[in-house]
Amino acid sequence: MSGSGGKLAGYDFWNGTLKKARLVVAPMVDQSELAWRLLSRRYGAELCYTPMLHASVFIREKSYRKDGLASCEEDRPLIVQFCANDPDIFLKAALLAEPHCDAIDLNLGCPQSIAKRGHYGAFLQDDWELLHKMVHTCHTKLRVPITCKMRIFDDIKKTVRYAQMLELAGCQLLTVHGRTKEQKGRLTGIASWEHIKAIKENVKIPVFANGNIQYLSDIERCLKETGVDGVMTAEGNLHNPALFKDLSPPAWEMAEQYLELVDKYPCPLSYVRGHLFKLLQHILSVHIDFREALGKAKSVDVMSEIVKSIKERCQTDVEKSKSNPDAFQTDLPLPYWLCQPYVRPTPEETEKKQLEREGLKRPLELSSNGDSEQLSRNKMKKKVRFPNKQFDGKKGRSYEPCANCPNPKGTRCLFNLCKACCRKKTYREMVDCPPHNLLPKTKRERRLQYEMNEQKGKVTPDETVVKSNDRILTKTENELEYGMNLQIDGESERNDSMEDENRKEIENEQKEIALLSLEASHKTADVT
């Protein structure tokens, strides 16, 4: 089946371009970058997605575009995923990306609060008219197929109609995450394969299932129960990139291989740190000292050294376990050093643990000065890193307020004022404040002395007239300094001139009043 413009569509696209891909690595923000995709492909991934890219940023920033499209020959087939809420912006971003991928995917599944604020992802699922326009525009104007990744509604029938609307708009492959947009975080719960099965039975395009995939056996069971064409995994892949090969290798081996790929295909350090925390999660819960070291690491080389140290310590435990298998028993199905999924607790279990934690709060600790202060563990860690910072809720250095306003006063001001208030006072009352370097009195005396000497004819261009800071100034130098002072304190001098004008106006009014009084007295005398 061919789509718009002669491009492959539907099952022709899946059979040909995607080579009947069944094992799929999900698009993951800051996690499905090139190095991780190559590691996943090494262990059986048949199709990968880029991290979710913001369409508007993708158009605007060249560096963001370059990082998002980083790829290589081995990184195919590849689908680029965007989040967007405007058909024109989505199309522009897709046109820029289509030469570098096999299809464009529209994210309709992100349930995070940032997606709610930005009005994209799963928070578009009620705006069917907009979604139809976005998908149809790209379907008719792109040279590669358009696909979608969606979440379900509680109602199965509404979910099926939603999928059919996307298919009618031009979607050529549909990935269905079997959870609602409310199922996230501690409320994640179990994905509904029943919804996915219903969609598969009512559309004519390939369908991928997403949700509840932790082992290869889960993939086989999902394919059988839902009838989908492929299975996508996110968290299962992050904890065990060898999941598709039905392997559970030592976690440090996966970490070492990933770091080798990062050396060849660099990515932001935050991505690397996130992957290592996922891969080594169970190890770090046993050897907790490595957790803080990994969190503080500032380079890939330092992280590599930490992984080597983890490897050495875990290998010691492996040797001990051979002679004493019960020495390292945990609640995990496999020894803690092997790659295995992280099982999210149910909402009920999460709430129960939270109540238990509240009942086991740490007692108040006494500081060295005897004051009782209670710091969280996170703040205690920060206090070690920043010993001079206050973490007890108290304000740091306190400042005395200015006598005239709420601003802090100058620490050495003669009048206990801030600089702004001190400037007004010194120029209004003609006094000096050396700590604030406000010297209107000195400057005026210097100016008057110069003017008096000039009027008396005692000043020549080369003759010294006044001392300033223990230095004899010539007339020319004095004029320069006077000019500089006027420029520096121009605003204050203008205030002085305004005050002088007001004073003159008041004096003139007083003179007029005196004259009027005198005239009135003369008239009274004449009448008498």
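In the predicted model, D102 is buried, with a relative accessibility of 14%. The value falls under the 20% limit for burial, so D102 is counted as buried. The side chain of D102 forms a salt bridge with that of R76, at an N to O distance of 3.3 Å. R76, in contrast to its buried partner, is partly exposed, its relative accessible area being 36%. The two residues are 26 positions apart, and their pairing links distant parts of the chain. R76 belongs to the loop between α4 (62-68) and β4 (78-83), whereas D102 belongs to the loop between α5 (87-97) and β5 (103-108).

Across the whole structure, 16 salt bridges were found. Among them is a pair within helix α15, K296 and E292, whose closest N and O atoms are 2.9 Å apart. These residues are separated by 4 positions, about one turn of the helix. Both partners are partly exposed, K296 with a relative accessible area of 33% and E292 with 35% relative accessibility. A further pair occurs in helix α19 (residues 419-429), where E429 and K425 likewise lie 4 residues apart, about one turn of the helix. The closest N and O atoms of this salt bridge are 3.1 Å apart, and E429 is partly exposed at 42% relative accessibility. In addition, R37, R41 and D75 are joined into one network by salt bridges that share partners.

The largest nonpolar core comprises 113 residues, and F82, I104, L166 and L174 have the most contacts inside it. Helix α12 (residues 251-264) supplies the largest share of this core, with 8 residues. Another core, of 9 residues, lies apart from it and includes C413, C418, C421 and C422. The surroundings of F82 illustrate the packing of one of the residues with the most contacts in the largest core. When residues up to four places away in sequence are not counted, F82 touches M52, L53, A55 and F58, together with F90, A93, A94 and A97. The contacts of F82 also include I104, D105, L106 and N107. I104 is thus both a contact of F82 and itself among the residues with the most contacts inside the core.

Helix α13 (residues 269-279) contributes the buried residues Y271, V272, R273, H275, L276 and L279. These residues are covered by several elements, including α2 (34-42), α11, α12, α14 (281-286), α15 (289-296) and α16 (300-323). The pairing of α13 with α16 was examined further. Two packed helices are described by the angle between their axes and the distance between the axes. The axes of α13 and α16 come within 11 Å and cross at roughly 15 degrees. Since angles under 35 degrees count as roughly parallel, the two helices, α13 and α16, are therefore roughly parallel to each other. The crossing of α13 past α16 is left-handed. At this contact, L269, V272, R273 and L276 of α13 meet V300, M303 and V307 of α16. Of the α13 residues in this contact, V272, R273 and L276 are also listed among the buried residues of the helix.

Helix α11 (residues 235-239), another element that covers the buried residues of α13, contains E235. E235 is partly exposed, with a relative accessibility of 27%. The C-alpha atoms of E235 and Q214 are separated by 7.9 Å, although the two residues are 21 positions apart along the chain.

Notes:
Residues are numbered from 1 along each chain as its sequence is written. This is a predicted model: local features need pLDDT of at least 70, side-chain atom pairs count only at pLDDT 80 or more; totals for chains, interfaces and linings use all residues. Side-chain values use heavy atoms; hydrogens and water are left out. A nonpolar core is a set of buried Ala, Val, Leu, Ile, Met, Phe, Trp, Tyr and Cys residues joined through side-chain atoms within 4.5 Å. Buried means under 20% relative accessible area, exposed over 50%, partly exposed in between (1.4 Å probe, protein chains only). Contact means heavy atoms within 4.5 Å. A salt bridge is a side-chain nitrogen of Lys or Arg within 4 Å of a carboxyl oxygen of Asp or Glu. Axes are lines fitted to C-alpha atoms, for helices over the stretch in contact, and angles run from 0 to 180 degrees between N-to-C directions. Angles under 35 degrees count as roughly parallel, over 145 as roughly antiparallel, 65 to 115 as roughly perpendicular and the rest as oblique. A crossing is left-handed if the near helix is turned anticlockwise from the far one by less than a right angle, and right-handed if clockwise.
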